Amino acid sequence: MGSDVEVGQGQRARDAGDPRTAHDRAVQRLVASYHAIPAGAPVRLAKKTSNLFRARAATSAPGLDVSGLGGVIGIDPVARTADVQGMCTYEDLVDATVPHGLVPLVVPQLKTITLGGAVTGLGIESTSFRSGLPHESVLEMDVLTGAGEVVTARPEGEHADLFHAFPNSYGTLGYATRLRIELEPVEPWVELRHVRFHDLESLVAVIGDIAASGEHDGVVVDYLDGVVFSATEAYLTLGRRTAAPGPVSDYTGQQVYYRSIQHDSPVPKVDRLTTYDYLWRWDTDWFWCSRAFGAQDPRIRRLWPRRYRRSSFYWKLIALDHRYDIADRLEARKGRPPRERVVQDVEVPLGRTAEFLHWFLREVPIEPIWLCPVQTRGSWPLYPLQPGELYVNVGFWSSVPRDPSDPGHTNRLVEDEVTRLDGHKSLYSDAYYDEETFWRLYGGDDYGGVKQRYDPDSRLLDLYSKAVRRK
């Protein structure tokens, strides 16, 4: 008889030929690892990557075994659906669906975002003006709950309460092990029109027109996002799927995508990308954040290995900075105070967007700013945007000089202004709300009952402890 190791390797090899059997065994390992965590110890995923920007308390407790939960179980090209494991990255998911001429309805911008992470923590992209957020294309999902059980949640039925409360719960109600999602057809290429605006009010008006009609100047718009460089220089990028071949641009090398948007002409600047490169156009430079590492300096960029020009590598550099306070040490050597990280995405109603942008440009020294219109297709209690109302996601990711007497001063200003304008803020980064305000904004009336049902012994943190107290 062979060793246990040999037997285990043989079983894994057999499982590899049957994705559903392999998936079932991976779920069994996950559940076993959950029950092995001592009562009272923090429950966290044992994974190497993260797209969260909030620091968390250290722990020595073992993490959940998510090995074998990072792939695509199956694709039905006729029904246009895919069964996907919760830890599958969008990079791997797109690689599996594109050969069928299909992609998820919403593909977040960064390759290492996982499907489960985008559903429990929200995600957005340039199809969100017509397809909402990633969780709105989920048809059903299997969830390991805080009670240590795996249940299948659907929009209707026994676990519909969990299905609707799961988005924006950030692992406090459980972890998705399998999700069945809708897919949509794509063409090989995307044609882009970069339209310049000299005032923000005109830009906002055009966003509303496109969302209502699905076109601009008589041309269909399949993708819509924008960049604000200043109050007098802003752009909307309008994308259209096309099967017509032609020359394409490449922003994975020396050219920087967001700089290609800029121009000073009343005529839109035209560009073309492969669909694959369009989906990941922001990943090469982590939008524009790679400039913080010098990666946009042509002298450095020529020497920077291509395989390291991606968001996952920049995140490792950020993690090193957090661990060793590198940036603050450099600021101190220059005689400057530490900096406050202001890394946020907020949703503001379309009618208040220009007002927010003017306020932000006046009060916060950060540019550029990303814009992404979104219209939800349903009601989601933990992130209660109004169904059918058009919002604009405003993304800003940098730092400002820190106020020594109030380390979170600028972030609090942003929170107050977004709340005043009837908007919402994503919770992947630093949050400073008091507990009463937090639960009023993030579904406290609904959360408690679902939490009690699926995590009766409070094995998992509650949402406030995780998002604000950073436990």
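**Figure 1. Lining of the largest cavity in the predicted model.** In this predicted model, the largest cavity is lined by Val103, Pro104, Leu105, Val106, Val107, Glu125, Ser126, Thr127, Glu184, Tyr223, Tyr278 and Leu279. Two elements, β3 (102–104) and α9 (275–279), each give two or more residues to the lining of this largest cavity. By residue class, the lining of the largest cavity divides into 8 nonpolar, 2 polar and 2 charged residues. The space in the largest cavity amounts to about 70 Å³, and the count of cavities of 30 Å³ or more comes to 3.

**Figure 2. Lining of the second largest cavity.** The residues that line the second largest cavity are Tyr251, Thr252, Leu273, Asp277, Trp280, Arg281 and Thr284, and about 40 Å³ of space lies within this second largest cavity. The residues of its lining divide into 3 nonpolar, 2 polar and 2 charged.

**Figure 3. Serine 260 in helix α8 and its contacts.** Serine 260 belongs to helix α8, which comprises residues 257–260. With a relative accessibility of 9%, serine 260 counts as buried, because the cut-off for that class is under 20%. When residues up to four places away in sequence are not counted, serine 260 touches His194, Tyr251, Lys269 and Asp271; Tyr251 is also one of the residues that line the second largest cavity.

**Figure 4. Threonine 120 of helix α4 and the segment it touches.** Threonine 120 is located in helix α4 (residues 115–121), and its relative accessibility of 11% places threonine 120 among the buried residues. The side chain of threonine 120 reaches the backbone nitrogen of glycine 171 at 3.2 Å. Residues up to four places away in sequence being left out, threonine 120 touches Phe166, Pro167, Asn168, Ser169, Tyr170 and Gly171, so that asparagine 168, the subject of the next view, is one of its contacts.

**Figure 5. Asparagine 168 in the loop between α6 and β6.** Asparagine 168 lies in the loop that runs between α6 (160–165) and β6 (174–185). Although asparagine 168 is not a glycine, it has a positive phi of about 75°. Its relative accessibility is 0%, and asparagine 168 therefore counts as buried.

**Figure 6. Helix α7, with the residues at its two ends.** The 14 residues of helix α7 (residues 200–213) should span 20 Å at 1.5 Å a residue, and this agrees with the 20 Å that separates its end C-alpha atoms. The N-terminal end of α7 is capped by aspartate 199, a side-chain oxygen of which lies 3.3 Å from the backbone nitrogen of glutamate 201. Just after α7, glycine 214 takes a positive phi of about 75°. Along the helix itself, the buried residues are Leu200, Leu203, Val204, Val206, Ile207, Gly208 and Ile210.

**Figure 7. The cis peptide bond at proline 368.** The peptide bond from glutamate 367 to proline 368 is cis, with omega near -5°. Proline 368 is placed in the loop between α13 (350–363) and β14 (369–375), where its relative accessibility of 1% means that proline 368 counts as buried. Leaving aside neighbours within four places in sequence, proline 368 is in contact with Val227, Val228, Phe229, Tyr258, Trp288 and Arg291. Of these contacts, tryptophan 288 is 80 residues from proline 368 in sequence, while the C-alpha atoms of the two residues are 8.0 Å apart in space.

**Figure 8. Phenylalanine 287 in the loop that follows α9.** Phenylalanine 287 lies in the loop between α9 and α10 (298–301). The backbone of phenylalanine 287 has a positive phi of about 60°, although the residue is not a glycine. Phenylalanine 287 is buried, with a relative accessible area of 7%.

**Figure 9. Serine 399 in strand β15 and its contacts.** Serine 399 lies in strand β15, which comprises residues 390–401. Residues up to four places away in sequence not being counted, serine 399 touches Arg339, Glu340, Arg341, Val342 and Ile366. Among these contacts, arginine 339 is 60 residues from serine 399 in sequence, and the distance between the two in space is 6.0 Å, C-alpha to C-alpha.

How values were computed:
Residues numbered from 1 in each chain as written. Heavy atoms only, no water. Helix = DSSP H or I, 4+ residues; strand = E, 2+ residues; numbered from the N terminus. Buried < 20%, exposed > 50% of the residue type's maximum accessible area, 1.4 Å probe, protein only. Polar contact = N/O pair within 3.5 Å; in protein donor to acceptor, adjacent residues only side chain to side chain. Contact = heavy atoms within 4.5 Å. Expected span 1.5 Å × (residues − 1). 1 Å grid on protein atoms, 1.4 Å probe; cavity = no way out; pocket = protein on both sides within 12 Å on 5 of 7 lines; lining within 4 Å. Points joined across faces, edges and corners; volume = space filled by probe spheres on them. Nonpolar A, V, L, I, M, F, W, Y, C, P; charged D, E, K, R; others polar.
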